[in-house]
Every structure is written in structure tokens, then in C-alpha cells.
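Dear colleague,

I am passing on a structure that may be new to you, and my notes on it follow below. Please read them with the sequence and the model side by side.

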Amino acid sequence: MIEVEELSDREIDELLSRVGYGHLACSINDDPYVVPVHFAYQNGRIFVYTTEGKKSQIIGQNPRVCLQAEEVVNNQNWESVIVTGVAERITEPDEREAALSAITKVNPTLTPAVSIHWLDNWIRENIEVVFRITPVRTTGRRAVPPLPEAPDVIPENDISRGRIY
């Protein structure tokens with residue numbers, strides 16, 4: 001079994017600034033919906049780029065969201081952060097451009113959000129949406145690496161193993 005400890009506020013900020021990828025959960029009528037997203041973290045706020053679809057419709061009706069981000073090296077070396085907050089669609093042009101600039105530094109291609117959604121055989125539609133998530137609560141945890149095992153201590157003249165040390 002591994003030990004788990006809480007991350008400090010500074011460590012949470014560092015992980016969110018470093019990772020840029022996570023899972024966004026939203027819910028409507030007690031029906032949760034979780035999707036992978038790229039995000040940018042600046043000045044205590046999270047910015048998410050997406051296109052119109054199920055998540056933007058849900059957030060339009062219920063702006064309470066949860067973002068989970070993690071760094072996993074292996075089962076005994078990981079950090080995870082959960083942010084619950086309120087998502088707002090950014091419509092003001094200057095703020096939207098600043099958010100897009102931050103997001104494209106993390107995810108230059110804006111994938112998987114930018115994808116083809118065919119309306120018919122001739123036209124495809126991508127209506128871009130940028131959300132600002134204002135955190136209400138953040139928590140973080142990490143696995144505590146196990147202590148290295150102590151080496152065997154062998155007495156100086158132990159010949160029970162057929163050798164003298």
C-alpha cells in the first residue's frame with residue numbers, strides 16, 4: 001500500500017501550470033459528462049478551448065464544472081489535482097484573444113476540439129467556444145514514494161554464505 005499526502009497551494013498551481021491536459025466534468029439533470037481537454041492556467045484561472053457540442057450545451061445550463069489534471073510516472077509516483085469551479089463563456093474580444101493565446105501555447109493545434117462536424121456533404125461547422133473556469137475549490141494529492149529498502153548487513157567475517165566479506 002502507498003501513502004498519499006496533500007499538495008500545497010503552490011504545488012497545485014505548479015502542476016496546473018505545467019500539465020495543460022486533463023478531464024473536464026460537467027453535469028445536467030444528474031447526468032455527468034466527462035471529456036479530455038487541453039487547458040491553460042494563468043493567474044489562478046483555467047481557460048478551455050472547445051467547439052459547440054454537448055459539453056458547451058451542458059455548461060450553458062449548469063456552469064458548475066470539475067477539472068482533474070494529473071502527472072503519472074508510475075503507480076507509486078503521481079500527483080493529481082481536482083478543481084471545482086464555475087465556467088463562463090468568454091465573449092469579450094480582448095479577453096478571448098488572450099485566453100486563446102495562452103491555450104495555443106499549451107496546445108498549438110487545438111486538437112481534439114477542432115475536428116470535422118459535417119452538416120451535409122458540402123459544409124462543415126466548427127463554432128469555437130472559449131471558457132474561463134474560476135476555481136471555487138482546489139485540492140491535490142500525491143503518492144509518497146516508498147523508502148528504499150535497507151541493504152542487507154553482513155558481518156565482517158560471515159562465511160555462512162561461502163564467502164568472506
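Asn43 is exposed in this predicted model, with a relative accessible area of 79%, and its place is in the loop between strand 3 and strand 4. Although Asn43 is not a glycine, its phi is positive, at about 50 degrees. That deserves a remark because most residues other than glycine have a negative phi. Asn29 also has a positive phi of about 50 degrees without being a glycine; this residue sits in the loop between strand 2 and strand 3, and Asn29 is likewise exposed, with a relative accessible area of 73%.

Turning to the interior, the largest nonpolar core has 23 residues, and those with the most contacts inside it are Leu16, Leu24, Phe39 and Ile46. At least two residues of this core are supplied by each of helix 1 (9–19), strand 2 (21–28), strand 3 (31–42), strand 4 (45–51), helix 2 (54–61), strand 5 (64–74), strand 6 (77–89) and strand 7 (128–144), and the largest share, four residues, comes from strand 3.

If neighbours within four places in sequence are left aside, Phe39 is in contact with a set of residues that includes Leu16, Tyr21, Ile46, Phe47, Val48, Leu67 and Val106, as well as the glycines Gly20 and Gly22. Apart from the largest core lies another one, of nine residues, among them Ala40, Ala99, Leu100 and Val130.

With best regards

Methods:
Residues are numbered from 1 along each chain as its sequence is written. This is a predicted model: local features need pLDDT of at least 70, side-chain atom pairs count only at pLDDT 80 or more; totals for chains, interfaces and linings use all residues. Side-chain values use heavy atoms; hydrogens and water are left out. A nonpolar core is a set of buried Ala, Val, Leu, Ile, Met, Phe, Trp, Tyr and Cys residues joined through side-chain atoms within 4.5 Å. Buried means under 20% relative accessible area, exposed over 50%, partly exposed in between (1.4 Å probe, protein chains only). Contact means heavy atoms within 4.5 Å.
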